2 protein chains.
Amino acid sequence: MATIYEVSKLAGVSLATVSRVINNTAPVRASTKEKVEAAMRELGYRPNSVAQSLASNRSNSIGILVSELGGPFYGELLSRIESEFRAVGKHVIVAAGHSDAELERESIEFLRSRNCDALILHVESVSDDYLRGLADSGTPFVVINRHVAAVADRCITLDNELGGYLATHHLLERGHRRIAYVSGPMWKHDASERYKGHLRALKEFSVAEDKSLFFEGDFQETGGVRALHHFLDAKAKFTALVCANDEMASGAITVAHEVGLEVPAELAVVGFDNVNFSHYTYPKLTTVDYPIEAIGQMAARWVLKHVYQQPVPELKAVFQPQLIPRDSA
Amino acid sequence: MATIYEVSKLAGVSLATVSRVINNTAPVRASTKEKVEAAMRELGYRPNSVAQSLASNRSNSIGILVSELGGPFYGELLSRIESEFRAVGKHVIVAAGHSDAELERESIEFLRSRNCDALILHVESVSDDYLRGLADSGTPFVVINRHVAAVADRCITLDNELGGYLATHHLLERGHRRIAYVSGPMWKHDASERYKGHLRALKEFSVAEDKSLFFEGDFQETGGVRALHHFLDAKAKFTALVCANDEMASGAITVAHEVGLEVPAELAVVGFDNVNFSHYTYPKLTTVDYPIEAIGQMAARWVLKHVYQQPVPELKAVFQPQLIPRDSA
DNA sequence: GCTATAAATGAAAGCGCTTTCATCATAGGC
DNA sequence: GCCTATGATGAAAGCGCTTTCATTTATAGC
């Protein structure tokens, strides 16, 4: 691989000048620029990004930390973030935190040691304090899907409470009054927020909260399976089920089929997230849309603006979910 | 951030010695090592990976190029690859090629310019010649899910032909004789291989190929939708449908529900890939398992062995798919 | 044509590390 | 004890680039 030095020799200019035409960082006479570019072409020169990073103290890399790299949800997030950065010549380093505080912290350190210019974090377990400390340490980062008061200006979130409200409201509007709720782990911020929204909707329709119609799942398919079995075993009376995400809703629908409960006639089901497979269920899942791509894009733009000083369209911090009525409720 | 220089001063040794204890690259007296480690701890020192890369000509990063970052399939692949590398302190840079030759080439160049130590490529559109050239250029890389004769030693593949055979064989064994086939784009290697396997199974059961029962889809849900509509509109007679991937199978099942065709009683459906949502369909999808994680792991190990000279368990180049019988066929 | 100012360019000092080579200390072998 | 073979360590030269600062060249004003 040719180096900048060889280019400068061939073009008959100094290293500095070559660097200037590469980075367009200072005016260079048109004829000089021409010569340099010709030399670069001739040598098939491509700047060594590592050397650039070391010298400029910018790595042009952004670290992304999500809970799981697999799964429908994060895939779309990554996809969007990558394409945003790719378009401006930056690259994305990914890591998984697996919803574990220790792992999350370790992953963040890992990304930091990689000299990422910024981090985009989807972290669930690490404490608010830790994030505050991280901000103090000077590492630029954005947090997705979590509101942390101490670093509120770097949080991009979905109004989960509204989402929970929307889901339950939809059912209430259609006359359901006995609505069971399958939550995610309540220590997760989004899970508890969604549940709050559920309660608000109930209240609005003067339906009292019934603890026997609450089940704390795990945001996985099995959570939905166990939930429905639990309610059925307890002989709970309910005509509708709201699940705090689509995976659990799928699990619940599977069980409904198995026990011969017709959806939505005997049991209406609504999910949350609108992941890509949510319309593969039968009947197609009514759910609340999580605008994950828009959020990913916004996170990328935050970085573009605050770290790379690029002009970007207006930033938005809180996104509104939307109900997607399909066939299951 | 502290530098190696400060550590060496505090520990009262030279830069070289500090480097040695960091990299464990030459013997250092235990007492010296102790001092250095203490100094590192005291300063909260972490090596600057960019400087390390520049000096050692190793970036400790691996570029991964897949068609789409979203989607069930690639997510699991990435997930596995990342965790393999993460465990040994290497990081993963991701890019998407979107099945487009130009984009794939550009992405590869992009990753190369990032000084990746190796690339793991899931490329569909770039030519065999291009890959040969890439190999000649000295960039280490592995190709996943595609056999390229010129660089056969760097290909890790699934026996797609066998997979296609298995799917159709399963149906034939259960008495089906009129089996429609929904393929992926035939220019994609895996799609054509799977179809070959289908034909082999038919032949084995002395069933003649019927071109009217073939439909070339797009590996997307809509492909399955269009396929089934196509067959139905053409009043084709068939009792089973094999789809070259699960997305298309889902689409087909959805249509079956819509038109009141009972699965599997009136129409047996088998998919391919066994992606994570394949059991969310109703009935649960019978499919062919694509051991994507194992393949990801193997790709990572190939790199570990050939690029980082690490000892790894035996490498395997061709994986055998397996039929996963569920409820749809 | 001459100076004052701005535009182009070059020289050289790093960026934080690895690695070669030389040096010094230590331990056996006789 | 002396010599040699190792084991430990340090000095210093890069890795390929960016960036400051100084210098040279062009432009304008009179």
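Where does Pro283(B) lie? In this predicted model, Pro283(B) sits in the loop of chain B that runs between strand S9 (268-270) and strand S10 (287-289). The peptide bond leading into this proline, from Tyr282(B), is cis, and its omega is near -5 degrees.

Chain A offers a cis bond to look at as well. Here the bond runs from Val263(A) to Pro264(A), with omega near 0 degrees. Pro264(A) belongs to the loop between H11 and strand S9 (268-270) of chain A. While you are looking at loops, stop at Ser206(A): its phi is near 55 degrees, which is a positive value in a residue other than glycine. You will find Ser206(A) in the loop that links helix H9 (189-204) to strand S7 (214-216) of chain A.

Now let us step back to see how the chains meet. Chain A puts 49 residues into the contact, and chain B puts in 49 residues. The size of an interface is often given as the accessible area lost when the parts come together. For chain A and chain B the buried area is about 4200 Å², and carbon and sulfur atoms give 57% of it.

Charged and polar pairs also cross this interface. Side chains of opposite charge can pair when their charged atoms come close. Between chain A and chain B the count is 4 salt bridges. Lys284(A) forms a salt bridge with Glu258(B), and the closest N and O atoms of this pair are 3.7 Å apart. Polar contacts across the interface come to 16 residue pairs, counting pairs in which both residues have pLDDT 80 or more. On the side of chain A that touches chain B, the elements giving two or more residues are H4, helix H5 (72-86), strand S2 (91-96), H6 and helix H11 (246-258). By class, that side of chain A divides into 17 nonpolar, 19 polar and 13 charged residues.

Next, the empty space. Rolling a probe the size of a water molecule over the atoms shows where empty space is left. The largest pocket holds about 1400 Å³ of space. It is lined by 43 residues, and those closest to its centre come from both chains: Ser113(A), Asn115(A), Pro47(B), Asn48(B) and Ser49(B). Helix H4 (49-56) and helix H6 (101-113) of chain A, together with helix H2 (15-23) and helix H4 (49-56) of chain B, each give two or more residues to this lining. H4(B) supplies the largest share, 6 residues. The lining of the largest pocket divides into 16 nonpolar, 18 polar and 9 charged residues.

The second largest pocket has a volume of about 1000 Å³. Of its 34 lining residues, Pro47(A), Asn48(A), Val50(A), Ser113(B) and Asn115(B) lie nearest the centre. The elements with two or more residues in this lining are helix H2 (15-23) and H4 of chain A, along with H4 and helix H6 (101-113) of chain B. H4(A) gives the most, with 6 residues. By class, the lining of the second largest pocket has 13 nonpolar, 16 polar and 5 charged residues.

Some space is closed off too. Searching the whole structure turns up 3 cavities of 30 Å³ or more, and the largest cavity has a volume of about 190 Å³. Among the 16 residues lining the largest cavity, Val50(A), His91(A), Arg114(A), Val50(B) and His91(B) lie nearest its centre. H4 and S2 of chain A, together with H4 and strand S2 (91-96) of chain B, each supply at least two of the lining residues. The lining of this cavity has 4 nonpolar, 10 polar and 2 charged residues.

Let us finish with some side chains of chain A. Ser99(A) is placed in the loop between S2 and H6. The side chain of Ser99(A) makes a polar contact with the side chain of Lys188(A), at 3.5 Å. Leaving aside residues up to four places away in sequence, Ser99(A) touches several others, including Ser67(A), Glu124(A) and Trp187(A).

In helix H6 itself, Glu102(A) and Arg105(A) are separated by about one helical turn, because they are 3 residues apart. These two residues form a salt bridge, with their closest N and O atoms 3.1 Å apart. Over all chains, the structure holds 32 salt bridges.

Notes
Residues numbered from 1 in each chain as written. Chains lettered and ligands numbered in written order. Predicted model: local features only at pLDDT ≥ 70, side-chain atom pairs only at ≥ 80, totals over all residues. Heavy atoms only, no water. 1 Å grid on protein atoms, 1.4 Å probe; cavity = no way out; pocket = protein on both sides within 12 Å on 5 of 7 lines; lining within 4 Å. Points joined across faces, edges and corners; volume = space filled by probe spheres on them. Helix = DSSP H or I, 4+ residues; strand = E, 2+ residues; numbered from the N terminus. Nonpolar A, V, L, I, M, F, W, Y, C, P; charged D, E, K, R; others polar. Contact = heavy atoms within 4.5 Å. Buried area = accessible area lost by both parts, 1.4 Å probe. Salt bridge = Lys/Arg side-chain N within 4 Å of Asp/Glu carboxyl O. Polar contact = N/O pair within 3.5 Å; in protein donor to acceptor, adjacent residues only side chain to side chain.
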